[in-house]
Amino acid sequence: PPAIETYLAAHAVNLENRWYDATRLTAWRPLARPPAGPVNADFGVATLTGAGVSPAEAPSANSPVAVSLVWGQLPPADTNVSLRLQDGEGQVWSNRDFTADTITTQVALSDTVGMIIPVGLPPGVYTVTLGLQDKTGRTLTVKGNDVVAAPLGSLTIALPEDKLSALRLPIQTPLSQPLKQDDLV
């Protein structure tokens, strides 16, 4: 597995890394690594000096988006990193959380991670932001302006080209199968 993940980290972007009991689910996708523009976010335990989001427009169809992060100082390994997709009102529509120990490079202080744009997201312009929480779960603020999430870039969400099946929607509460009796459902 380490050799496989090293190969994937060099050729693709990680979209998911989640444990279910003793089983780990990871998802990777070849995506262009976006160029990073300047960002000035000092969280105290870490500083983010650059970021980029690509593509600039994505359909709301479980579409992957790449986010480049350039760190001046990496966060401690037990820090939770949270990428969020927020509308103009600050409402979070999608997020991607991971711990800092999964950042794939310790040398160049840069990494590219992926986010999935969910089905059903209303079209419009959103902001991709980054926030940090320490090991106790306390949200860290950006020094100087006391915001909890640093803006990384904007992303325009469009409608999908084709109508998507309801099966692609996220399931909040699975329903049991209806009772079948004498050809009646």
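# Exercises on a predicted model

The side chains of R18 and E16 form a salt bridge, with N and O 3.1 Å apart. The structure used in these exercises is a predicted model.

## Exercise 1: Overall layout

Task: State how many helices and strands the protein has, and in which order they come.

Solution.
Step 1. Count the elements: there are one helix and 12 strands.
Step 2. Read along the sequence: the pattern is α-β-β-β-β-β-β-β-β-β-β-β-β.
Step 3. Add the burial: the protein has 185 residues, and 37% of them count as buried.
Step 4. Turn to contacts between residues at least 6 apart in sequence: 60% of these join residues at least 24 apart.

## Exercise 2: Salt bridges

Task: Find the salt bridges in the whole structure and describe how accessible their residues are.

Solution.
Step 1. Recall the principle: side chains of opposite charge can pair when their charged atoms come close.
Step 2. Apply the cut-off: a side-chain nitrogen of Lys or Arg must lie within 4 Å of a carboxyl oxygen of Asp or Glu. The search of the whole structure gives three salt bridges.
Step 3. Take R24 and E5, whose side chains meet with an N to O distance of 2.1 Å. This pair links distant parts of the chain, since R24 belongs to strand β2 (residues 23–29) and E5 to helix α1 (residues 2–11), 19 residues apart. R24 has a relative accessible area of 32% and is partly exposed. E5 is partly exposed as well, at 26%.
Step 4. Return to R18 and E16, the pair at 3.1 Å. R18 has 39% relative accessibility, so R18 counts as partly exposed.
Step 5. Take D134 and R138, where the closest N and O atoms are 3.2 Å apart. D134 has a relative accessible area of 18% and is therefore buried, because buried means under 20%.

## Exercise 3: The aromatic pair

Task: Describe the geometry of the aromatic pair W93 and Y126, and say which strands hold the two residues.

Solution.
Step 1. Count the pairs: a search of the whole structure finds one.
Step 2. Choose the quantities: a pair of aromatic rings is described by the distance of the centres and the angle of the planes.
Step 3. Give the values: W93 and Y126 are 6.4 Å apart centre to centre, with 85° between the planes.
Step 4. Classify the pair: planes over 60 degrees apart count as edge-to-face, and the W93 and Y126 pair is edge-to-face.
Step 5. Place the residues: W93 is in strand β8 (residues 92–99) and Y126 in strand β10 (residues 124–133), so the pair ties together parts 33 residues apart in sequence.
Step 6. Look up the accessibility: W93 is partly exposed at 37%, whereas Y126 is buried at 4%.

## Exercise 4: The surroundings of S60

Task: Decide whether S60 is buried or exposed, and list what surrounds it.

Solution.
Step 1. Locate the residue: S60 is in the loop between β5 (57–59) and β6 (63–73).
Step 2. Read the accessibility: S60 has a relative accessible area of 2%, so S60 is buried.
Step 3. List the contacts, leaving aside neighbours within four places in sequence: S60 touches I117, P118, V119, G120, L121, I157, A158, P160 and L164.
Step 4. Add the polar atoms: a polar atom of the S60 side chain lies 3.4 Å from the backbone oxygen of L121.

## Exercise 5: The second largest pocket

Task: Find which element gives the most to the lining of the second largest pocket.

Solution.
Step 1. Give the volume: the second largest pocket has about 190 Å³.
Step 2. Name the lining: L15, E16, R18, A27, S94, N95, R96, D97, M115 and I116.
Step 3. Keep the elements that give two or more residues: β1 (13–20), β8 and β9 (110–117).
Step 4. Pick the one that gives the most: β8, with four residues.

## Exercise 6: Backbone details in loops

Task: Say where P55, D21 and N62 lie and what marks their backbone.

Solution.
Step 1. P55 is in the loop between β4 (47–54) and β5. A cis peptide bond joins S54 to P55, with omega about 5°.
Step 2. D21 is in the loop between β1 and β2. D21 is not a glycine, yet has a positive phi of about 55°. D21 is exposed, at 81% relative accessible area.
Step 3. N62 is in the loop between β5 and β6. N62 is not a glycine either and has a positive phi of about 55°. N62 is partly exposed, at 32%.

How values were computed:
Residues numbered from 1 in each chain as written. Predicted model: local features only at pLDDT ≥ 70, side-chain atom pairs only at ≥ 80, totals over all residues. Heavy atoms only, no water. Buried < 20%, exposed > 50% of the residue type's maximum accessible area, 1.4 Å probe, protein only. Phe/Tyr/Trp six-rings, centres within 6.5 Å; stacked < 30°, edge-to-face > 60°. Polar contact = N/O pair within 3.5 Å; in protein donor to acceptor, adjacent residues only side chain to side chain. Contact = heavy atoms within 4.5 Å. 1 Å grid on protein atoms, 1.4 Å probe; cavity = no way out; pocket = protein on both sides within 12 Å on 5 of 7 lines; lining within 4 Å. Points joined across faces, edges and corners; volume = space filled by probe spheres on them.
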